[in-house]
Amino acid sequence: MRVARIDIDELFDGPTEVTEEFISMVAGMDSASPALKVYAERVGNGACRWCDIESSADPVPPEVTEMKSSPLFIWNWTPESPHTPTSPPAGSWLPPEPPTRRSRSSETVVGPSDWPDEFKEHPDDRRWY
């Protein structure tokens with residue numbers, strides 16, 4: 001339906017910007033490469049995004065190379081390496097906060113976390129129920 005609504009003259013007035021809508025429309029065409037169709041399915045499942053097609057698709061669909069090298073298309077997406085670790089800004093590292101001690105609701109609660117470290121003060125063999 002989207003293909004039927006496209007004004008052909010509008011496409012050739014100037015370069016076409018490659019947007020998510022445009023590339024998903026290209027992926028839906030019968031002439032789309034199998035790699036582009038597979039990637040479109042992954043996008044549809046939420047596994048990846050169109051803007052990451054250069055770094056996430058394996059293999060990269062031939063349509064990507066064609067659109068990037070053609071003067072008829074404007075490719076605004078830049079590939080980002082998915083394995084590049086991001087470091088925090090300088091001075092923003094803070095040591096982890098120490099764990100807070102749980103407040104006791106009642107002194108009748110006894111369990112391993114409430115026992116003192118000295119063995120002689122551990123509870124005896126009484127049942128606690």
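## Exercises on helix α4 and its surroundings

Leaving aside neighbours within four places in sequence, Ala40 touches Ala27 and Trp50. The model used for these exercises is a predicted one.

**Exercise 1.** Place Ala40 in its helix, and decide whether Ala40 is buried, partly exposed or exposed.

*Solution.* Begin with the secondary structure: Ala40 lies in helix α4, which covers residues 34-44. Next take the relative accessible area, which is 23% for Ala40. Buried means under 20% and exposed means over 50%, so Ala40, at 23%, is partly exposed. As a last step, consider a residue further along the chain: Ala57 is 17 residues from Ala40 in sequence, and the C-alpha to C-alpha separation of the two is 9.9 Å.

**Exercise 2.** Work out which residues of α4 are buried, which on the other side are exposed, and how the buried ones are arranged about the axis.

*Solution.* First list the buried residues of α4, which are Ala35, Leu36, Tyr39 and Val43. Viewed down the helix axis, these buried residues fall within an arc of 95°, so they line one face of α4. The general rule behind such a pattern is that an α-helix has 3.6 residues a turn, so residues three or four places apart point the same way. Then turn to the other side of α4, where Pro34, Val38, Glu41 and Gly44 are exposed. Finally, ask what the buried residues pack against: their partners are α3, α5 (53-56) and α6.

**Exercise 3.** Describe the largest nonpolar core, and find the contacts that Leu36 makes beyond its neighbours within four places in sequence.

*Solution.* The core holds 19 residues, of which Ile23, Leu36, Trp50, Ile53 and Trp75 touch the most other members. The elements that each supply two or more residues to this core are α3 (20-27), α4 and α6 (62-69), and α3 gives the most, with five residues. For Leu36, with neighbours within four places in sequence set aside, the contacts are Ile23, Val26, Ala27, Trp50, Ile53, Pro61 and Glu63.

**Exercise 4.** Determine how many disulfides the structure holds, and account for Cys48 and Cys51.

*Solution.* The structure holds zero disulfides. Cys48 is in none, and its nearest cysteine sulfur, that of Cys51, is 9.6 Å away, whereas a disulfide requires two cysteine sulfur atoms within 2.5 Å. For burial, the cut-off is under 20% relative accessible area: Cys48, at 11%, therefore counts as buried, and Cys51, with 19%, is buried as well.

Note on methods. Residues numbered from 1 in each chain as written. Predicted model: local features only at pLDDT ≥ 70, side-chain atom pairs only at ≥ 80, totals over all residues. Heavy atoms only, no water. Helix = DSSP H or I, 4+ residues; strand = E, 2+ residues; numbered from the N terminus. Buried < 20%, exposed > 50% of the residue type's maximum accessible area, 1.4 Å probe, protein only. Contact = heavy atoms within 4.5 Å. Core = buried A, V, L, I, M, F, W, Y, C linked by side-chain atoms within 4.5 Å. Arc of directions from axis to C-beta.
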